[in-house]
Structures are given as structure tokens and as C-alpha cells.
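Reader: I am new to protein structures and would love a close look at one part of this one. Could you walk me slowly through how its helices are held against each other?

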Amino acid sequence: TRTYTSAAVELRERAESAMSHRLIEPLRVLALSLGNLDDYASAQSVSERALQIATANYGENHREVGRVHSNLSSLNYRQGDIHRAIEHEKRALRVEQLKYGDDSWDTIVTRYTLALYLGSAGRIREALAATAELLAGVPLAEFPADKPVVGELPPPTGAAIVKELAAGFGP
């Protein structure tokens, strides 16, 4: 007869070897819950498993892969690993752009998050470029060449809001 422990071990091993796409969303939710409980090591492990399964089932450029990268980005940021957070957010952004284009709300939010992370890492030029990309296509006032504009770009939050509100304006 099998003991409860041996059955649990066998079940865990079977789950770990499973590569079903049906596991991705439950693993993502579990990882988010573990992260909210500050169990970052477990959350990281579960998220990496979800990424492995999503990539094996769908390839690098599927929305599920992007969602897991976004979760890993948030998890890494909360742990203070800003450089890994940036890398995962860049991967999530690439998927969002391929799937939804540059003007979708999902892409705008991901670009906004990336700009915040870049700024947090002290990568100001990249953060400014990411913020400027948020404003691409937004009509801006014309200023005379003899009167230079002194100021700065809006923060990523403001840029994302302007981009969304300005979607219906312009030429």
C-alpha cells in the first residue's frame, strides 16, 4: 500500500513534468498569490515553471508568454532585482507590440511600466526615450523656433494618460 506521503510525492512529480497549457493560468495565479504573501522564492519558482510551459506550448511571442514575463518583472521589481525586472518587462513589451500593436492599452501599460523601471534603475536616457515613445503620435503644439521650450517630458503615468485621451485627436 502507498502512503499519503508517497502519493503526494508522486503527484508533485507528475505535475512538475506536465507541460499542459492548462497549467499556465493556475500557475500564474498561484505565483501572484505567493508573491502577495511575500514568499518570493516560491513565487519565482512557480512563475519560471509557468514560463517554461507557456514557451514550450506557444513559442516566445504568445500573449501567455508575455503575461508570465510581466508577472516575473513585477516579482523581480518587488524583490529589488530591477535589472531582471527590466529584462522581463522588455520581453513582455515585445510580445504586446507583436500581438496588439503600439497603440493598444496593453502595450501602453507595459511601456509605462518599463519606463518606470528604467527610471528606478537610474537609466534616465532610456526612461525618457520610453516615455517619449508613449507620446508618439500625440499631437503637440507648435512652438516658434526662436523661442525654445524649456521643460521636461511628463512622467510615464501622465504620458500614458495623454496617449489614451489623445487617441481621437490629431491630423
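Author: Happy to help; we will start with the whole chain and then look closely at helix pairs and salt bridges.

Please keep in mind that this is a predicted model. The chain has eight helices and zero strands, so read from the N terminus its elements run α-α-α-α-α-α-α-α. Of its 171 residues, 33% are buried. Among contacts between residues at least 6 apart in sequence, 60% join residues at least 24 apart.

Now to the packing. Two packed helices are described by the angle between their axes and the distance between the axes. Let us take H4 and H5. Helix H4 covers residues 63-78, and helix H5 covers residues 82-100. Their axes are 8 Å apart and meet at an angle of about 155°. Because an angle over 145 degrees counts as roughly antiparallel, H4 is roughly antiparallel to H5. The crossing of these two helices is left-handed.

Which residues make the contact between H4 and H5? From H4 come Arg63, Gly66, His69, Ser70, Leu72, Ser73, Asn76 and Tyr77. From H5 come Ile82, Arg84, Ala85, His88, Glu89, Arg91, Ala92, Val95, Lys99 and Tyr100. Sorted by character, the residues of this contact are seven nonpolar, six polar and five charged.

It helps to set a second pair beside this one. Helix H2 spans residues 24-36, and helix H3 spans residues 40-58. H2 and H3 pack at an angle of about 160°, and their axes are 8 Å apart. That angle makes H2 roughly antiparallel to H3. Here, too, the crossing is left-handed. On the H2 side the contact is made by Ile24, Leu27, Leu30, Ala31, Leu34 and Gly35. On the H3 side you will find Tyr40, Ser42, Ala43, Val46, Ser47, Arg49, Ala50, Ile53, Ala54 and Tyr58. The residues of the contact of H2 with H3 divide into 12 nonpolar, three polar and one charged.

One residue of H3 to pick out in the picture is serine 45. At 46% relative accessibility, serine 45 is partly exposed. Its C-alpha atom is 8.1 Å from that of alanine 31, and the two residues are 14 apart in sequence. Alanine 31 is one of the H2 residues in the contact with H3.

Next come the charged side chains. Side chains of opposite charge can pair when their charged atoms come close. The structure holds 10 salt bridges, and we can visit some of them.

Start with arginine 84, which forms a salt bridge with glutamate 48; their closest N and O atoms are 3.4 Å apart. Arginine 84 lies in helix H5 and glutamate 48 in helix H3, so the pair ties together parts that are 36 residues apart in sequence. Both partners are partly exposed: arginine 84 has a relative accessible area of 36%, and glutamate 48 one of 39%. Arginine 84 also takes part in the contact of H4 with H5.

A little further along H5 is lysine 90, whose side chain meets that of glutamate 126 in a salt bridge at 3.9 Å, N to O. Glutamate 126 sits in helix H7, residues 124-134, and this pair again links parts of the chain 36 residues apart. Glutamate 126 is partly exposed at 33%, and lysine 90 is partly exposed at 31%. Glutamate 126 has another partner as well: arginine 123 forms a salt bridge with it, with the closest N and O atoms 2.7 Å apart. Arginine 123 is partly exposed, at 22% relative accessibility. Elsewhere, salt bridges that share partners join Glu25, Arg28, Arg63, Glu64 and Arg67 into one network.

Let us finish with arginine 67, a member of that network. Arginine 67 is found in helix H4, and its relative accessibility of 28% makes it partly exposed. Leaving aside neighbours within four places in sequence, arginine 67 is in contact with Glu25 and Arg28. Between the C-alpha atoms of arginine 67 and glutamate 89 there are 9.6 Å, and these two residues are 22 apart along the chain. Glutamate 89 is one of the H5 residues in the contact with H4.

Key: Residues numbered from 1 in each chain as written. Predicted model: local features only at pLDDT ≥ 70, side-chain atom pairs only at ≥ 80, totals over all residues. Heavy atoms only, no water. Salt bridge = Lys/Arg side-chain N within 4 Å of Asp/Glu carboxyl O. Helix = DSSP H or I, 4+ residues; strand = E, 2+ residues; numbered from the N terminus. Buried < 20%, exposed > 50% of the residue type's maximum accessible area, 1.4 Å probe, protein only. Axes fitted to C-alpha atoms, helices over the stretch in contact; angles between N-to-C directions. Parallel < 35°, antiparallel > 145°, perpendicular 65-115°, else oblique. Left-handed = near helix turned anticlockwise from the far one by under 90°. Contact = heavy atoms within 4.5 Å. Nonpolar A, V, L, I, M, F, W, Y, C, P; charged D, E, K, R; others polar.
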